[in-house]
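Colleague: Before I use any labels from this model, I want to see what each one rests on. Please take me through the ligand site and then the helix pairs.

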Amino acid sequence: MSENNTIENNPQKFGEWWKNGVIYQIFPRTFADANGDGSGDLQGIIQKLDYLNDGNIDSEESLHIDAIWLSPINKSPMYDNGYDISDYCQIDPVFGNIDDFETLIAEAHQRNIKVILDLVINHTSNKHPWFEESCGEKDNPKSDWYHWRNPNSEDDVPNNWLSYFGGTAWTYCETRQQYYHHTFDKRQPDLNWRNPEVKEAIYQMIRFWLDKGVDGFRLDASSVYSKDKDYRDNPLKAEVEDKEDFSSQHHLYDKDLPENHQIIKEIRAIIDEYDDRLLIGETFISSGLYESVMFRGVNNDELHLPFTFDFPFSPWYPGHLQKEIAKKELMTPDDAWSVYFLDNHDLSRHLSRWVDCSLCDNSVGIAKAAATILLTVKGTPVLYYGQEIGMVDHNNIPSHKLRDRATIAHEGESASRDKVRTPMQWDNSNHGGFSFGKDVEPWLPVNDNYQEVNVAAEFKDEGSILNFYQALIRVRKKSHVLQKGCWRTLIHYPYEHLAYVRETESDRVLVVINFSHEKELQVDEYIDWENWQVLLSTDYPTDLVMDLPKILKPFETSIYQKR
Ligand code: GLC
């Protein structure tokens, strides 16, 4: 990238909608079912666009998010529910067809909603024609499109690399009499990114979607594209208990290689040929914050937003959460940007995770406090569908209805991610209104609590989690300082509450959160006390101008603007 071609020198070209915007992740199979077959589809999403953003910031029945990220919608045998693609340029018939997709783009753009696609390019499905061809004779045209190796001298796997799911990452293929590599399941063979033809095919496909008008991508498993060209063994960590476990090795040779960064750079360069597109990446696979943020690139020429998992993995304690925020701040120079999320399609939902460690069952209180942090720290917030109404894990899905074959095969039913992928709860009609009033059984059963926890009921309830999210998003959108201002904590060692400010030269916003659900909290005078205006609070009316209270009420969450 030339010196002039940076965000600071050329903000117009790069745009920065994603710095101000709120992203909303949709798991398409369970968001909304328009054709009444029990599976969510693109038409379902189209019909719910007004709920996501109807274009009028003051309207009461819309969440006002800025972008949707769709978990994969490409053709797939669905062994890993879309994260195993068999045709990159087709829409899976479960979701609709390319016309539906074009309508989705047009309708979304009309409402100022950007559309981000999941890009699963570390591996394909084993049913992808590329892999089927590659499995043929050794001299077939796609022979080198995947990682093929001969058995070692003991007629065993080529090296000690492990699958993320555990056990060897190599599977033997009788036709080729060779092993192929897979970071995930054996039905998800890894592409050989050293092969220029592979790169070219993937880059062409990326352009295909960009030309259709998609506004960006979330790169799946983006730290494991490249593999050591000599396929050397990874060193073992000291005193490992389970040598089959992915975390038992130092992943020197199958992860985070310099070539991996080169690939991301090349993808970013393609993205940058188009206006205003966004590149997010899932960089976490056994990586910490440091490895993740390195994926921004030395010259900010790789990912705009590397997804790091330290924040959602933190326990629900003020000190721990603040540590994660502060770490991100330290590792985010002025020319870079952070991203925050609480939930996604792989993790237990935060209310289920955090209610357990909060020693209370006030999930509404926790949800509002968590939402406040997510939407008032410095970085782009990403919501996962249903989080805004307080959806929790569905822990009673009968075995025969589970769908997450990839995880269940390796880690058992208890590890299934189905519990966080259940149908969106729209209203209190059968199955939560998932199939628009039709009484069909959804692909996964709706959570038992849908009668109380649903969009329609919560819009009517002033104190609901949904109305709080809506108000928070509105406050954030109307506040330059909440979008761009610096973050600074007012308490170095938070124990029972958080207090931090966002500030610019001219403005200051204060956020205070009492983590105790039963105790009032006397607070020290850590900031000029007089004359603050309530932007949003669980305990004070919006717009009230007041001196800061010296006592925080149980579970109080308040955002003030200095007058
Ligand atoms: C990513 C996805 C996960 C999937 C895996 C394999 O981690 O988030 O859902 O199973 O990649 O593609």
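**Ligand site and helix pairs**

Modeller: This is a predicted model. The ligand is surrounded by D80, Y83, H123, F184, Q188, R218, D220, E282, H345, D346, R417 and R421.

Colleague: What makes these residues count as being around the ligand?

Modeller: Each of them has a heavy atom within 4 Å of the ligand.

Colleague: How is the shell around the ligand made up by class?

Modeller: There are 7 charged, 3 polar and 2 nonpolar residues in the shell.

Colleague: Why is the pair between H123 and the ligand called a polar contact?

Modeller: A polar side-chain atom of H123 is 3.0 Å from a ligand oxygen atom. The cut-off for such N or O pairs is 3.5 Å, so the H123 pair counts.

Colleague: What makes H345 and D346 qualify as polar contacts of the ligand?

Modeller: For H345, a polar side-chain atom lies 2.8 Å from an oxygen atom of the ligand. For D346, the distance from a side-chain N or O atom to a ligand oxygen is 2.6 Å. Both values are within 3.5 Å, so both pairs count as polar contacts.

Colleague: How much of the ligand's accessible area does the protein cover?

Modeller: On its own the ligand has 310 Å² of accessible area, and the protein covers 97% of that.

Colleague: Why are helices α7 and α8 called roughly parallel?

Modeller: The axes of α7 (residues 196–211) and α8 (residues 258–272) come within 10 Å and cross at roughly 30°. Angles under 35 degrees count as roughly parallel, so α7 and α8 get that label. Their crossing is right-handed.

Colleague: What makes α13 roughly parallel to α16?

Modeller: Helix α13 (residues 363–376) and helix α16 (residues 465–478) have axes that come within 10 Å and cross at roughly 15°. That angle is under 35 degrees, so α13 is roughly parallel to α16. The crossing of α13 and α16 is right-handed.

Conventions. Residues numbered from 1 in each chain as written. Predicted model: local features only at pLDDT ≥ 70, side-chain atom pairs only at ≥ 80, totals over all residues. Heavy atoms only, no water. Polar contact = N/O pair within 3.5 Å; in protein donor to acceptor, adjacent residues only side chain to side chain. Areas by Shrake-Rupley, 256 points an atom, 1.4 Å probe, with all protein chains shown as cover. Nonpolar A, V, L, I, M, F, W, Y, C, P; charged D, E, K, R; others polar. Axes fitted to C-alpha atoms, helices over the stretch in contact; angles between N-to-C directions. Helix = DSSP H or I, 4+ residues; strand = E, 2+ residues; numbered from the N terminus. Parallel < 35°, antiparallel > 145°, perpendicular 65-115°, else oblique. Left-handed = near helix turned anticlockwise from the far one by under 90°.
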